[in-house]
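Reader: Please take one helix of this model and go through it closely. I would also like to know how far the rest of the chain can be relied on.

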Amino acid sequence: MELAYIPSPSSGVLYLGPVPLRGYAFCIIIGVFVAVWLGNKRWIARGGRAGTVADIAVWAVPFGLIGGRLYHVITDYQLYFSEGRDWVDAFKIWEGGLGIWGAIAFGALGAWIGCRRRGVPLPAYADAVAPGIAFAQAIGRWGNWFNQELYGRATDLPWAVEITSSADGREPGTYHPTFLYESLWCVGVALLVIWADRRFRLGHGRAFALYVAGYCAGRFWIEYMRVDEAHHILGLRLNNWTALLVFLLAVLYIVLSVRKRPGREDVVEPGASGDEVASGGEADEAEGDSAEGVEKDEAESSDSAEGAKDGAGSAKKS
């Protein structure tokens, strides 16, 4: 007898009046807004212009969605192209199915394009948005709750999630809520990156690399708990191997980056530093005051000379 569990929603669709909005898509949209909002604050704090993060996100987000969907469809092709399946479902992104590895890879490509157009360094931009991406993932994982997917082994723990759907081979019961575990882990990774960035002044892409390494460490053990269908290599799920490889690459990048480019970038967006603008304005004002003082002194000297000349003329006439 289950004393407590997390109930699954009866439907994965929310209705705003007559407009249907899938819970999965809603969570993704909210996550994107949070990532852009926090990234913008961090970018401004680093000396960038307001709005730059959003402008680059216009490129990064669509690329990320496409990449995430491609990774999912390619690695789980049997869900769309095997016998009895409809390949058109591969385009129904709103029904769930985004691979974070493809989303980050293609999102980085889109961000690179946006950064080149704005003339800002990609590593600095990546550092600014890293915690926001982790928070976005934490929010996005709740979309899997709406879809009753990405759960682990059966359990009777009080925080187990109840699965009621029997579609696509699901068996109703209570399971480990791996979507919740990953959501909480992502929040922890975001806080870790924010703390480490303040403590060590991470730069040149190291804050983003820390986010990647931290996420992969958690994804490895969470992926190991999942029971949904997946390809296996040497007894491990494909995403376990991907997490391990990406973790090692992120750590290697941090080590090499510290040696090659220690410290943090002084300028992330040329001409956008608030301190530079303020100091420039003060200098202009000071120069203006000096010029006015010189003109005033010259005028007073001229008046004095004319007064002395008039006095001498009067004395001569006397």
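Author: In this predicted model, helix α9 covers residues 238-260, and its 23 residues, at 1.5 Å a residue, should span 33 Å. The C-alpha atoms at its two ends are 33 Å apart, which agrees with that expectation.

The buried residues of α9 are Asn-239, Asn-240, Thr-242, Ala-243, Ala-250 and Ser-257. These buried residues pack against three helices, α2 (52-75), α4 (100-118) and α8 (206-225), and against the strand β6 (236-237).

Another buried position lies in helix α1, which runs over residues 23-45 and holds Cys-27. Cys-27 has a relative accessible area of 6%, so it counts as buried, the limit being under 20%. Beyond its neighbours within four places in sequence, Cys-27 is in contact with Ile-139, Gly-140, Trp-142, Gly-143 and Phe-146. One of these, Ile-139, is 112 residues from Cys-27 along the chain, yet the C-alpha atoms of the two are separated by 5.9 Å.

As for reliance on the rest, the mean pLDDT of the protein chain is 85, and 84% of its residues reach 70 or more. Over residues 274-299, however, the pLDDT is below 50, and this stretch has two contacts in the model beyond near neighbours in sequence. Residues 307-318 also stay under 50, and for them the model has zero contacts beyond four places in sequence. Where pLDDT is low, the predicted coordinates should not be read in detail.

How values were computed. Residues numbered from 1 in each chain as written. Predicted model: local features only at pLDDT ≥ 70, side-chain atom pairs only at ≥ 80, totals over all residues. Heavy atoms only, no water. Helix = DSSP H or I, 4+ residues; strand = E, 2+ residues; numbered from the N terminus. Buried < 20%, exposed > 50% of the residue type's maximum accessible area, 1.4 Å probe, protein only. Contact = heavy atoms within 4.5 Å. pLDDT = per-residue confidence, 0-100. Expected span 1.5 Å × (residues − 1).
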